[in-house]
Amino acid sequence: MRRITDLPKVELHVHIEGTLEPELVMKLAESSGVDLPYANADELRRRYVFTNLQSFLDIYYDNLDVLRTNHDFSRLAYEYAVRAHAGGVVHAEAFFDPQAHLIRGVALDTVVDGLVDGFARARSDCGFTADLIACFLRDRPVREALETLESLTAIDAPIIGVGLDSAELGNPASLFTEVFARAAALGLRRVAHAGEEGGPESIRQALDDLGAERIDHGIRSLDDPEMVARLVAAHIPLTVCPLSNVALQSVDELARHPLPELLAAGLHVTINSDDPAYFGGYAEDNYVLVAAAFDLDDATLADLARNSVRASFLPVDRQDEVLLDIDRWLADAHPT
Ligand code: HPA
Ligand code: ZN
C-alpha cells in the first residue's frame, strides 16, 4: 500500500481558527501579553474533552483571544498550510469566522490580510494553495451577518464563497436566506454546515433556503432515505469529518462512524479535518484512521481523494492536474 501521506487530496472542511494548536496559543499569548488561565500547552490540551458541539465551541471561541494582529493570522494560516501539505493536502478551501474576530474588536482587514499573507508564503515555500470561505455564525443576529458580508465586499476580500457554522441546534439555516441570496448575487459560492447535530430538515433548509452547493458534515442525511436520494441525484458533496464526529460525540467511536453507509448510498463523500488542533488529527490522519477502521483499499482511498477534487471550486484544469496525480499514486501502488 502506498503511503496515504503521498495521496494528493483537497481539504474542503477546515476552520482555520480550528487549526490553532495549543503550542501556538501559548506563543501568541506570550508575544501579545495575554494572560491565560493555564500554565502550558499540555494543560490547555487536557481541557479538550467535549460532549457536544457547544462544549467545543466554548473553548474554540475563548482561544481566539490570542489572535490579534495581522502577523498572528498570517502565522496561523502558514502553519496550517505547511502541516496539511506535509500530509498530502495540495489545496484547501479554508473557512474563517469574521464575526468571531469583529466582535472582539479585531478589524476585518487585519484578519483577511493576515490569512492571505500566510497562505501566500506557504504557496511560495511549498506550492500549497488555498482559497477562503467566510462563514457566518448562525447563533449571531442575521443583521450582523449581512453587515459582515457588506464589510467583506467593501474591503474587496478575496473570498470565493460563504458558509454557515457555529451552533446548529436552535439556529435554523432558513433565517439566513437573505444573506445567502445577497452572496449569490455577488457571485460567491455557497456552502453550509447542516446535518452535524441537526437532522434532515436542517439539510433541506441549507439546500432550499440557502442554495448550498455542498453540505458540511451531512451525516444525519442517513436519517431520511428521501434526503439521501435527493443528495445523490443532485450530486451534492458532503464534507465529512470523521474525527470531529467522534470528538463531539455525534458518533460514539470511529468503528461506528456511518462512512460505509454514506459510501454505499452513493453519496459524494469527502474526508476532512474540521478543527484539527482540537479533534486529534489533520486531513491525512482522518484518511489513515478511516482506512484502518473500515479496511479501505487503495482504490477506495483514491476515490475519496478524487471526490475531494471534484467537489472543490478549483478551475477544471487544476482539478484535472490533481486527478492525474491521484491516478499516478494508484498506479504506483499497483504496478501492472
Ligand atoms: N461545527 C460548527 N461550527 C464550527 C465548527 C464545527 O465543527 N468549528 C468551528 N465552527
Ligand atoms: Zn465545521
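Biologist: What covers the buried residues of helix 3, and how should I read such a statement?

Modeller: Three terms are needed for it. Buried means under 20% relative accessible area, exposed over 50%, and partly exposed in between, all with a 1.4 Å probe and protein chains only; contact means heavy atoms within 4.5 Å; and helices (H or I, at least four residues) and strands (E, at least two) are DSSP runs numbered from the N terminus. In this structure, the cover over the buried residues of helix 3 includes strand 1, helix 1 (22-32), helix 2 (41-45) and helix 13. The model is a predicted one, in which local features need pLDDT of at least 70 and side-chain atom pairs count only at pLDDT 80 or more, while totals for chains, interfaces and linings use all residues. Residues are numbered from 1 along each chain as its sequence is written, chains are lettered from A and ligands numbered from 1 in the order in which they are written, and side-chain values use heavy atoms, with hydrogens and water left out.

Biologist: Which residues of helix 3 are buried, and which residue caps its N-terminal end?

Modeller: In helix 3, which spans residues 53-63, the buried residues are Leu53, Ser55, Phe56, Leu57, Ile59, Tyr60 and Asn63. The cap is judged by a polar contact, a pair of N or O atoms within 3.5 Å, where within protein one must be able to donate a hydrogen and the other to accept it, and residues adjacent in sequence count only if both atoms are side-chain atoms. Here Asn52 is the cap, with a side-chain oxygen 3.3 Å from the backbone nitrogen of Gln54.

Biologist: What surrounds ligand 1?

Modeller: A residue is listed as near a molecule or strand if one of its heavy atoms lies within 4 Å of it. For ligand 1 the surroundings include Leu53, Phe56, Leu57 and Tyr60, together with His15, Asp165, Ser166, His193, Glu196, Asp274 and Asp275. Nitrogen of this ligand also lies 3.4 Å from a side-chain N or O atom of His15, 2.8 Å from a backbone N or O atom of Ser166, and 3.1 Å from a side-chain N or O atom of Glu196.

Biologist: Which residues coordinate the zinc ion (ligand 2), and is its site regular or irregular?

Modeller: Donors are N, O and S atoms within 2.8 Å of the metal (3.2 Å for Na, K and Ca), and water is not among the atoms, so sites may look incomplete. The zinc ion is coordinated by NE2 of His13, NE2 of His15, NE2 of His193 and OD of Asp274, at 2.0 to 2.2 Å. For geometry, four donors count as tetrahedral if all angles lie between 85 and 135 degrees; four count as square planar and six as octahedral if opposite donors are over 155 degrees apart and all others between 65 and 115; anything else is irregular. The angles among the four donor atoms here run from 80 to 174°, and the site is irregular.

Biologist: What spacing do the donors follow along the chain?

Modeller: The spacing is H-x1-H-x177-H-x80-D. His15 in strand 1 (residues 9-15) and Asp274 in the loop between strand 8 (268-271) and helix 13 (276-279) are 259 residues apart, so that this pair links distant parts of the chain. His15 counts as buried because its relative accessibility is 4%, and Asp274 is buried too, at 2%. Asp274 also has a positive phi of about 70° although it is not a glycine.

Biologist: Where else is there a positive phi in a residue that is not a glycine?

Modeller: Asp295 has one of about 55°; it lies in the loop between helix 14 (283-294) and helix 15 (298-310). Asp295 counts as exposed because its relative accessibility is 69%.

Biologist: Which residues of the largest nonpolar core touch the most other members?

Modeller: A nonpolar core is a set of buried Ala, Val, Leu, Ile, Met, Phe, Trp, Tyr and Cys residues joined through side-chain atoms within 4.5 Å. The largest one has 110 residues, of which Phe56, Tyr80, Phe96, Phe119, Ile215, Leu231 and Tyr278 touch the most other members. A second, separate core of five residues includes Phe95, Cys135, Val191 and Phe313. Val191 belongs to strand 5 (residues 189-194) and is buried, because its relative accessibility is 0%. Beyond four places in sequence, the contacts of Val191 include Phe95, Ile133, Phe180 and Phe313.
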